[in-house]
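Work through three short exercises on the structure below. Try each task before reading its solution.

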Amino acid sequence: MPADPSAHGSGETPLRRAADTSRGAAPGPVARGSATSAVEVRRSSRRRRTVSAYREGDRTVVLIPARMSEAEERRWVTVMLDKLAAQESKRMLGDGELAERAERLSGQYLDGRARPASVRWVTNQNTRWGSCTPAEGSIRLSHRLQGMPEYVIDYVLLHELAHLLVPGHGPRFWSLLESYARTERARGYLEGVVAADRLPHLPVAREE
């Protein structure tokens, strides 16, 4: 799976647990991986510019300034959920865990028809997020995915699983991914990472 260019930004939004006295709860189900967790938005008049989020049991709490519009709220909830997911997936999954993940995804989205012989991380794929060799049943994921949100890793893994069934990128291939609701979001995330890498870097100031 080649890396495609687009846009990506990180934003200065520290993730920390904070106690805000003014609350405006706006809970709602948000899909995360294969699970669904409640999201509660708490508005605070004391909060001016920072946005933060944390897990509280089976829900995610997002803290925002009271003056934010509903559109800004929706955008920041998405941003903070991605940041939390990225933090939580920084623990490197072993090859065995990747294989278990592949089996689960194949059963959930491909009726269990994609059965890879091996699934592993590799460090020699800098222009691809993943690749597979159908004749061998092997799938390889780039180490650059480590630390990205779980739904992004799942998408790349599912993408390569689909290639075990259909080699090209024709309509039949993409029809296999239709049931994965986060395909477009994951593609946009990866395109943004590539675009950010292509931005010119400012020179670092040197002390004399």
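Helices here are DSSP runs of type H or I with at least four residues, and strands are E runs of at least two, both numbered from the N terminus. The model is predicted.

**Exercise 1. Place alanine 86, decide whether it is buried or exposed, and list what it touches.**

Step 1. Find the element. Alanine 86 lies in helix H1, which covers residues 70-88.
Step 2. Apply the cut-off. Buried means under 20% relative accessible area. Alanine 86 has 14% relative accessibility, so it counts as buried.
Step 3. List the contacts. Leaving out residues up to four places away in sequence, alanine 86 touches Gly147, Met148 and Pro149.
Step 4. Check the distance in sequence and in space. Glutamine 146 is 60 residues from alanine 86 in sequence, yet their C-alpha atoms are 8.8 Å apart.

**Exercise 2. Do the same for glutamate 40, and find its side-chain partner.**

Step 1. Glutamate 40 sits in strand S2, residues 35-44.
Step 2. Its relative accessible area is 9%, so glutamate 40 is buried.
Step 3. The side chain of glutamate 40 makes a polar contact of 2.4 Å with that of arginine 59.

**Exercise 3. Describe the protein chain as a whole.**

Step 1. Count the elements. The protein chain has five helices and seven strands.
Step 2. Read their order. Along the sequence the pattern is β-β-β-β-α-α-β-β-β-α-α-α.
Step 3. Take the buried share. Of the 208 residues, 42% are buried.
Step 4. Look at the contacts with a separation of 6 or more. Residues 24 or more positions apart account for 54% of them.
Step 5. Finish with the surface. The accessible surface is about 11,800 Å², and carbon and sulfur atoms hold 50% of that.

Key:
Residues are numbered from 1 along each chain as its sequence is written. This is a predicted model: local features need pLDDT of at least 70, side-chain atom pairs count only at pLDDT 80 or more; totals for chains, interfaces and linings use all residues. Side-chain values use heavy atoms; hydrogens and water are left out. Buried means under 20% relative accessible area, exposed over 50%, partly exposed in between (1.4 Å probe, protein chains only). A polar contact is a pair of N or O atoms within 3.5 Å; within protein, one must be able to donate a hydrogen and the other to accept it, and residues adjacent in sequence count only if both atoms are side-chain atoms. Contact means heavy atoms within 4.5 Å. Accessible areas come from the Shrake-Rupley method with a 1.4 Å probe; for residues, only the protein chains shown count as cover.
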